[in-house]
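Hi everyone, thanks for making time for this. I'd like to take you on a short walk through a structure, so please have your viewers open.

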Amino acid sequence: MYQFTSESVSEGHPDKVADLISDHIATWLINHNINNRAAIETLVTTNTVIVAGEYRTDREEDVEESVRGIIIDTVKQLGYEQEGFHWDKLNIEYYLHGQSSDIALGTDSFGAGDQGIMFGYANRETKEYMPFAISYAHKILQELSNRRKTHSKYKNIILPDSKCQLTVNYGAPNTPIDINNIVVSTQHHADATQQQVEDLVREVVKDVIPKDFLTEKTKYQINPTGRFVIGGPDGDTGITGRKIVVDTYGGYAPHGGGAFSGKDFTKVDRSAAYMARWLAKNIVHKYELEECFVQLSYVIGIEQPSSLLIYTNGELRLDFINMIKKEVDLTPKGIINALELENVILPDTTNYGHFGDSNTGNSLITWEDFTL
């Protein structure tokens, strides 16, 4: 037996606050137009939001004024009305500017927006074709967040900033047996007791995790320090793109290093990672395999990928590589068209993983479809 651990964070975690602001701004700038561009970075700290980056948009409104309004609305929707981070008290620093003409040379012709490597993965550990630990770490926090918004007994105790870490026991690769350890740290109101927090978290865990995976040996560590009142951007600085492993496979499969949030889909960090996931999931499903691993790489300004690698069940698959090269358009524009990415509302993808079925919004998450 061996263990594997993954971590998730809630939408109120400082880094995810930054990701969500970046995605809201990028969505507004892109405006469902594949010729528009966005690369937005956000930093959040005590009652302060700093945004920087580049863009090209067909919006006629005043960009700076609109962006400031988007930031305030996003923080308000997250439920931050705390002394150290309140939507009505924000100091907003604005440093956006037009897209670099040098970068535009490559992306105007729909070459890749940058060089880089992207990975896709799928296995049969869950119905979403995702690794067990990251899938259920997301589900715990998503349900805790849902109850915080809709159930009074949760709303009176739980606050937006939360983290979850699951350690899963395995008997063989891709064969989870049960859960060894559950760690949940959640921000709470100052007058809540440790026991009240623990009771609510255990209630969520019991309702979310399949009962066969919780045993007498499963260990719970809930708010291990005993107190978590100062949280969110007041407790820790948040920056766009620092939760890339949370966004993908929880460390179970590689990540190329590029973040997703704040970027338009000529940025292959995002679009090609979505395509790699689509390929991996469809190959596992269609050919009844246990797992699939895909790597793509790109060169800035060049349309076609510089490499494609596919492994299934631990074996190199030249047949799949040759088939995909013939049948699937892996250029940035081809990916945008195939996955209908111009229709995606970016904030719908920001939280609880970009892959699997846990997305919170209403966008058509096409890279999870079985269409190969």
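I'll go through the strands, then the cysteines, then the empty spaces.

One thing to keep in mind from the start: this is a predicted model.

Let's begin with the open sheet. Four strands make it up, in the order 1-8-9-10, and the pairing is mixed. At the edges sit strand 1, residues 2-9, and strand 10, residues 219-222, each of which pairs on one side only. If you ignore direction, neighbouring strands of this sheet are turned against each other by 15 degrees on average.

Now zoom in on one edge of that sheet. Strand 1 and strand 8 run antiparallel, with eight bridges joining them. If you want a spot to click on, take S8, which stands opposite C164 in strand 8.

Next, please move over to strand 2, residues 37-45. How many bridges join strand 2 to strand 3? There are nine, and the two strands, with strand 3 covering residues 48-56, run antiparallel. I40 has G53 in strand 3 as its bridge partner. Together, strand 2 and strand 3 form a hairpin with two residues between them. For those of you who like backbone torsions, N47 in the turn has a positive phi of about 45 degrees.

Strand 2 also has a link to strand 11, residues 238-239: two bridges, again with an antiparallel run. There, V44 stands opposite G238 in strand 11.

While we have C164 in mind, a word on cysteines. Is C164 buried or exposed? Its relative accessibility is 1%, and buried means under 20%, so C164 counts as buried. C292 comes out at 0% relative accessibility, so C292 counts as buried as well. As for disulfides, the structure holds zero.

On to the empty spaces, which I suspect is what this group was waiting for. I'll start with the second largest pocket, where about 190 Å³ of space lies. Its lining is made of G79, E81, Q82, R148, K149, K155, I158, L159, P160 and H189. Which elements supply at least two residues each? They are strand 4 (81-82), helix 4 (132-150) and strand 8 (158-172). Strand 8, which we met in the open sheet, gives the largest share of this lining, with three residues. Sorted by class, the pocket lining has four charged, three polar and three nonpolar residues.

Then there are the closed spaces. Searching the whole structure turns up four cavities of 30 Å³ or more. The volume of the largest cavity is about 170 Å³. It is lined by 16 residues, and the closest to its centre are I30, N33, F265, L341 and E342. By class, that lining splits into seven nonpolar, six polar and three charged residues.

The second largest cavity holds about 80 Å³ of space. Here 13 residues form the lining, with M118, F119, H255, G256 and A273 the closest to the centre. Strand 7 (116-123) and helix 9 (268-286) each supply at least two residues of this lining, and strand 7 has the largest share, with three. The lining of this second cavity has seven nonpolar, five polar and one charged residue.

That's the tour from my side. Thanks for listening, and I'm happy to go back to any of these views.

Definitions and conventions: Residues numbered from 1 in each chain as written. Predicted model: local features only at pLDDT ≥ 70, side-chain atom pairs only at ≥ 80, totals over all residues. Heavy atoms only, no water. Disulfide = S-S within 2.5 Å. Buried < 20%, exposed > 50% of the residue type's maximum accessible area, 1.4 Å probe, protein only. 1 Å grid on protein atoms, 1.4 Å probe; cavity = no way out; pocket = protein on both sides within 12 Å on 5 of 7 lines; lining within 4 Å. Points joined across faces, edges and corners; volume = space filled by probe spheres on them. Nonpolar A, V, L, I, M, F, W, Y, C, P; charged D, E, K, R; others polar. Pairing = 2+ DSSP bridges. Axes fitted to C-alpha atoms, helices over the stretch in contact; angles between N-to-C directions.
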